[in-house]
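Student: Please take a close look at one part of this predicted model. I would like the charged pairs treated in detail, and then whatever surrounds them.

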Amino acid sequence: MRKWKIFEVEGSSMAPTLEDGDFVTGRPFDNKISVGDLVVIEHPKLGKIIKRVASFNEKGQFKVSGDSPTSISSEEIGAIESSQISQIICYRVNPYSLCRV
């Protein structure tokens, strides 16, 4: 049984949506995903990253991107398989608030 998890945001690639030091909660990925969702990816070269789903194709691969212009490009990240997505981000927690993302 997969569980909800808490992650600490490191870096500014998802700013202004997520800021360095924010905490986010993620629910287990259940193959139900939409363009615009924030996801936790287990990337073979970059490690654990949080990105936004930009699009997906008929092969079940996803294109993801950061919200900040300084984020690594979608092309550098490459196509993401559904098996690489572990969580869907639902809430951001910072010192001042809890909000749905």
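Tutor: Aspartate 22 has a relative accessible area of 5%, and because the cut-off for buried is under 20%, aspartate 22 counts as buried. Its partner is arginine 92: the two side chains meet in a salt bridge, with N and O 4.0 Å apart. This pair joins distant parts of the chain, since aspartate 22 sits in the loop between β1 and β2 (23-28) while arginine 92 belongs to strand β7 (residues 85-94), 70 residues away. Arginine 92 is buried as well, at 15% relative accessible area. As background, side chains of opposite charge can pair when their charged atoms come close.

The structure holds 4 salt bridges. Another of them links arginine 52 and aspartate 67, whose side chains meet at 2.7 Å, N to O. Here too distant parts of the chain are linked: arginine 52 lies in strand β4, and aspartate 67 in the loop between β5 (61-65) and α1 (74-77), with their positions 15 residues apart in the numbering. Arginine 52 has a relative accessible area of 23% and is therefore partly exposed. Aspartate 67, at 25%, is likewise classed as partly exposed.

Strand β4 also holds valine 53. With 2% relative accessibility, valine 53 counts as buried. Its C-alpha atom is 6.7 Å from that of serine 65, although the two residues are 12 apart along the chain.

A further salt bridge joins glutamate 42 to lysine 48, with 3.8 Å between the closest N and O atoms. Glutamate 42 is partly exposed, its relative accessible area being 36%.

Lysine 48 leads on to the largest pocket, which contains about 260 Å³ of space. The pocket is lined by 15 residues, and those closest to its centre are Glu8, Glu10, Lys48, Ile49 and Ile50. By class, the lining comprises 8 nonpolar, 3 polar and 4 charged residues. Strands β1 (5-8) and β4 (47-56) each contribute at least two residues to this lining. The largest share, 4 residues, comes from β4.

On the outside there is a nonpolar surface patch of about 600 Å², made by Trp4, Ile6, Phe23, Tyr91, Val93 and Leu98. Of these, leucine 98 is located in strand β8 (residues 97-100). Leucine 98 counts as exposed because its relative accessibility is 58%, and the cut-off for that class is over 50%.

Note on methods:
Residues are numbered from 1 along each chain as its sequence is written. This is a predicted model: local features need pLDDT of at least 70, side-chain atom pairs count only at pLDDT 80 or more; totals for chains, interfaces and linings use all residues. Side-chain values use heavy atoms; hydrogens and water are left out. Patches are made of residues with over 30% relative accessible area and no salt bridge: like charges are joined within 9 Å, nonpolar side chains (Val, Leu, Ile, Met, Phe, Trp, Tyr) within 5 Å. Accessible areas come from the Shrake-Rupley method with a 1.4 Å probe; for residues, only the protein chains shown count as cover. Buried means under 20% relative accessible area, exposed over 50%, partly exposed in between (1.4 Å probe, protein chains only). On a 1 Å grid over the protein atoms alone, a cavity is a set of points where a 1.4 Å probe fits but cannot get out, and a pocket is an open set with protein on both sides within 12 Å along at least five of seven lines; lining residues have an atom within 4 Å of a point. Grid points are joined across faces, edges and corners, and a volume is the space filled by probe spheres set on the points. Ala, Val, Leu, Ile, Met, Phe, Trp, Tyr, Cys and Pro count as nonpolar, Asp, Glu, Lys and Arg as charged, and the others, Gly among them, as polar.
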